[in-house]
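Visitor: Could you take me through one part of this structure in detail? I would like to see how the pieces there fit together.

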Amino acid sequence: MNAARTMSLAGGPPQALNTAQRFAVFAGFSGLFVLLLAALGISFPNRAAWLAGSLTLMLAGVVGYSWASYASHPPGIRNDGLWFRPVSARGLWAWGLGILLTGFYIVLYFYPQYLGQVPDGPNRGLVAFFDPLSRALSGNPASQWFVYGTLYTLAILAFGVKFIWKYRHNRYEVLRTLSVMFFQLAFAFIIPEVMARLNGDLPYYDLKNIWPLNYYNFEGYRIKGFLGAGNLGLALLLFGIGSVLVISPLLTYFYGKRWYCSWVCGCGGLAETAGDPFRQLSDKRLFAWKVERWVIYSVLVFVVLMTTAVVYSYLGPDTRRYWLSRPQFLLGVAGLLTALFAWVMLFRRKELQKDAQYGAWAYFVVVLALIGFHYLSDSQHVFLFKSETLRKSYSFLIGSIFSGVIGTGFYPIFGSRVWCRFGCPMAAILGLQQRLFSRFRITTNGGQCISCGNCSSYCEMGIDVRAYAQRGENIVRASCVGCGICSAVCPRGVLRLENGPLTGRINSRELVPGHEVDLLQQVQKQA
Amino acid sequence: MHIAIIGNGISGVTAARHVRKRSDHRITLISAESDYFFSRTALMYIYMGHLTFDQTKPYDDGFWARNRIDRLRARVKAVRPETNTLLLSDGRDIAYDRLVIATGSSPNKFGWPGQDLEGVQGLYSLQDLELLEQNAPNKNTCRRAVIVGGGLIGIELAEMLRSRDIQVTFLVRESSFWNGVLPDRDSALLNRHIREHHIDLRLQTNLKEILPGENGRVQAVVTDSGETIPCDLVGLTAGVSPNIGFLKGSGIDLDRGVLVNRYLETNLPGIYAIGDCAQQRAPMKGRKAVEAVWYTGRMMGETVAHSLCGQPTEYRPGPWFNSAKFLDVEFHTYGWVSPEQAQGVDEAHYHWRHADKPICLTLAYRISDGGLLGVNALGMRLRHEVFERWLSDGLPIGEVVNRMDQALFDPEFSGDYSRQIRRAFATHQPQPS
């Protein structure tokens with residue numbers, strides 16, 4: 001009765017690789033093997049050449065494999081055998097890969113010395129292997145973060161090519177992927193390195209990384225750095241503030257949160273490219289949705305409190321050092337949050353479903369906490385916690401464990417958007433806005449849905465898209481990152497990502513379209 | 001009141017859901033096929049490895065208990081209207097107050113020699129899919145398959161088998177794929193596309209006989225051109241017929257399907273039939289008496305639920321619509337576009353085709369007043385509600401072409417073909433074929 005059970009091991013599509021795929025695997029893994037040797041401390045004679053060779057081989061491996069897999073087929077959806085392959089169906093390779101990735105993140109965050117990171121002296125091992133590239137870009141030796149950034153960018157570029165090949169018939173997907181590849185390469189990788197070369201005082205700044213994703217952006221050392229780096233530094237600081245308060249709300253109003261989450265963001269970029277084979281693994285149960293709302297809005301509250309506390313702690317009691325004093329700052333934050341809360345409660349009560357309720361209440365809790373700050377705090381403590389402790393726990397729990405170790409390490413087990421869905425406070429803010437005040441929606445095409453379930457299965461955010469589509473209702477969900485894959489895999493042309501007027505965006509229906517119009521109206525009246 | 005529904009496909013399940021929305025009646029959903037409702041149209045994706053069986057279930061398993069819809073896994077052997085009871089194959093019987101027959105259909109067999117051999121099968125039910133998994137697990141066990149019947153299920157079966165690299169020979173009775181439904185130029189585009197997918201398409205070819213091998217399994221088929229094609233699987237996809245065998249002798253009027261009036265009532269009070277197995281006594285204008293389509297099943301389910309809840313409601317579907325996917329080419333249709341052989345003197349077509357991609361559009365309209373009759377779109381998505389409105393209004397063809405941009409539903413940044421469609425229309429001359 002359960003057809004999945006009868007799927008024997010003999011079943012499934014041909015598992016054997018074709019010749020071109022074998023060559024590609026050879027190239028890719030050779031490149032990886034060189035990195036492994038470097039990590040083990042083998043020193044290569046001409047490091048720059050070996051590094052270039054290794055990175056090129058890995059890139060060529062992925063690109064070649066994609067070509068060998070997709071080029072011979074006509075353009076179209078090719079998810080054949082996805083649920084039969086161990087790597088994409090939580091089999092042996094998935095677990096193996098998950099453990100390796102998780103291990104890599106643990107070493108990266110907590111034991112960088114194993115990668116060869118030496119704080120006061122020449123690097124060793126893998127980090128030293130990347131020195132030539134780092135020196136070429138910024139003039140400085142590499143760090144574990146440079147190694148990570150390079151591999152991260154390489155992954156987005158290589159698997160981006162694969163993704164584009166796979167979805168070459170869909171221009172939305174092609175353009176979106178080119179966009180994340182560009183932003184990763186230019187904004188996250190090259191520009192900050194070059195900025196460091198031009199102006200050594202500037203803090204490392206990936207411009208597309210917006211607070212609160214970039215939770216450390218307003219910490220004391222960075223503010224000092226910005227202010228100490230002349231007009232450019234001040235401009236960057238203002239840009240950082242403006243991107244939170246002006247740019248991102250405006251873009252989200254017009255295009256939904258997708259402008260960021262699936263067109264610009266680096267976390268999203270990796271999930272969409274390297275994470276693509278795992279998108280179907282996201283949990284679609286109602287329970288997961290419940291957990292999602294609690295966790296993501298808790299993280300949002302946490303980051304707002306933490307940032308406020310951190311800024312509060314370095315602002316002086318008067319305005320001599322910064323133009324803002326502590327009470328002014330607190331009042332400002334509280335005023336902003338109260339205005340938001342009041343606006344939501346006054347004008348968006350109707351749309352106010354659980355998502356928004358949690359969010360609105362979260363804001364309110366923060367406001368109360370802020371008032372508490374002022375009376376219960378001194379220069380070191382906020383409430384009973386030291387603001388430094390708050391910052392450190394956020395950085396450890398959310399910044400490292402959640403976004404890195406779980407978020408990426410567990411791709412092959414929980415799917416590619418675990419961080420974006422459950423953890424990212426930036427996504428939480430954009431999501432609330434998308435639900436309440438945005439022109440974006442996924443339109444359902446009348447009565448054409450056949451409830452097949454492709455949309456829901458391939459939704460990396462775990463949205464049960466079908467639940468809306470089969471009722472003929474539009475999908476307006478806080479978590480939707482607008483990747484467009486539901487629309488791409490739909491075999492009946494039912495879904496379209498669109499920007500349009502706010503009225504009629506959220507529609508509920510008594511009957512699915514298809515009946516005579518009079519009958520629909522008659523039934524609607526009786527209901 | 002106890003409402004028994006035989007069949008848990010889209011028709012029966014939709015009826016049950018809407019009865020629950022509108023009443024507290026006791027509902028029993030009876031199925032011999034599966035414990036839980038799944039999307040029949042998604043069966044192909046399980047075989048292709050795109051979906052797991054669980055993912056084809058539109059509602060989670062807790063849904064039925066939460067909504068107090070009782071599920072019963074059983075086969076109904078007979079209906080006894082005189083005592084309002086159902087007789088089950090395990091000997092039990094069940095009393096009902098109202099009965100909804102939603103038993104769907106099964107693949108046609110036309111009495112071909114060898115049609116009951118092992119390795120010969122249709123594709124409709126979950127059991128058929130399980131059988132296919134045994135008959136054609138991979139290209140070593142199943143080196144070649146022959147598919148008989150060029151309709152929607154045939155092309156889906158071909159796509160499924162190709163996803164496992166199994167060689168497919170596709171026997172189609174018509175002179176061009178599905179040209180009993182599609183005009184020639186639409187159909188020609190599909191012939192090319194099918195062959196591009198390395199499917200051995202044999203037009204105007206019929207099955208004569210299926211030959212057994214030594215083990216009693218299928219070994220080859222013989223076509224009406226006398227050719228013998230060796231194969232390990234024969235897929236019979238020459239249409240479907242209503243599942244009504246168990247109703248014989250019950251007193252319910254039957255023809256090809258269960259005969260119903262516009263209220264979906266059978267000749268016996270309190271007994272309704274919906275979906276694939278229902279046959280309209282007087283077909284609606286331009287429509288068939290039996291429509292074995294997902295959408296009509298769903299609409300009938302919605303309609304009958306109103307009648308069951310004390311609000312007698314006619315089944316009045318709006319303009320015809322349907323969709324399909326032929327390998328990589330999606331198909332949307334609204335209203336009626338007749339194939340050449342059925343085209344009346346007042347019907348003309350405007351056909352637009354993309355220069356190099358498998359994309360085309362056929363608009364059918366009346367020559368007399370230009371009113372829109374229907375549209376076929378291949379490789380292009382069109383908005384249901386826009387065309388529904390245009391069809392109800394009988395919008396003139398010129399206006400339809402002018403407003404095409406309002407109807408396109410392709411993903412953002414896809415080519416906007418509306419200008420090309422408009423430009424090509426300037427030189428269009430209406431002529432009946």
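**A hairpin in chain B and its neighbours**

Guide: Gladly! In this predicted model, strands S21(B) and S22(B) make a hairpin with 2 residues between them, and in the turn B:Leu327 has a positive phi of about 55°. S21(B) covers residues 321–326, and its pairing with S22(B) is antiparallel, over 6 bridges. One pair to pick out on your screen is B:Phe321, which stands opposite B:Tyr334 in S22(B).

Now follow S22(B) itself, residues 329–335: 7 of its 7 residues are buried, so the strand is mostly covered. S22(B) also has a partner in strand S25 (residues 372–378) of chain B, with 5 bridges joining the two in an antiparallel arrangement. There, B:Phe331 has B:Leu378 in S25(B) as its bridge partner.

From S21 we can step to a helix, since S21 is among the elements that the buried residues of H5(B) pack against. The others are helix H2 (43–47) and strands S10 (144–148), S11 (167–171) and S16 (233–236) of chain B. Helix H5(B) is largely enclosed by the rest of the structure, because 10 of its 12 residues are buried. Among them are B:Ile153, B:Ile155, B:Leu157, B:Met160 and B:Leu161, and the list also includes B:Glu156 and B:Glu159.

The helix geometry is easy to check: the 12 residues of H5(B), 152–163, should span 16 Å at 1.5 Å a residue, and the end C-alpha atoms are 17 Å apart, which agrees. After H5(B) comes B:Asp165, with a positive phi near 65°.

Technical notes:
Residues numbered from 1 in each chain as written. Chains lettered and ligands numbered in written order. Predicted model: local features only at pLDDT ≥ 70, side-chain atom pairs only at ≥ 80, totals over all residues. Buried ≥ 20, exposed ≤ 12 C-beta atoms within 10 Å, placed from the backbone. Helix = DSSP H or I, 4+ residues; strand = E, 2+ residues; numbered from the N terminus. Pairing = 2+ DSSP bridges. Expected span 1.5 Å × (residues − 1). Contact = placed C-beta atoms within 7 Å.
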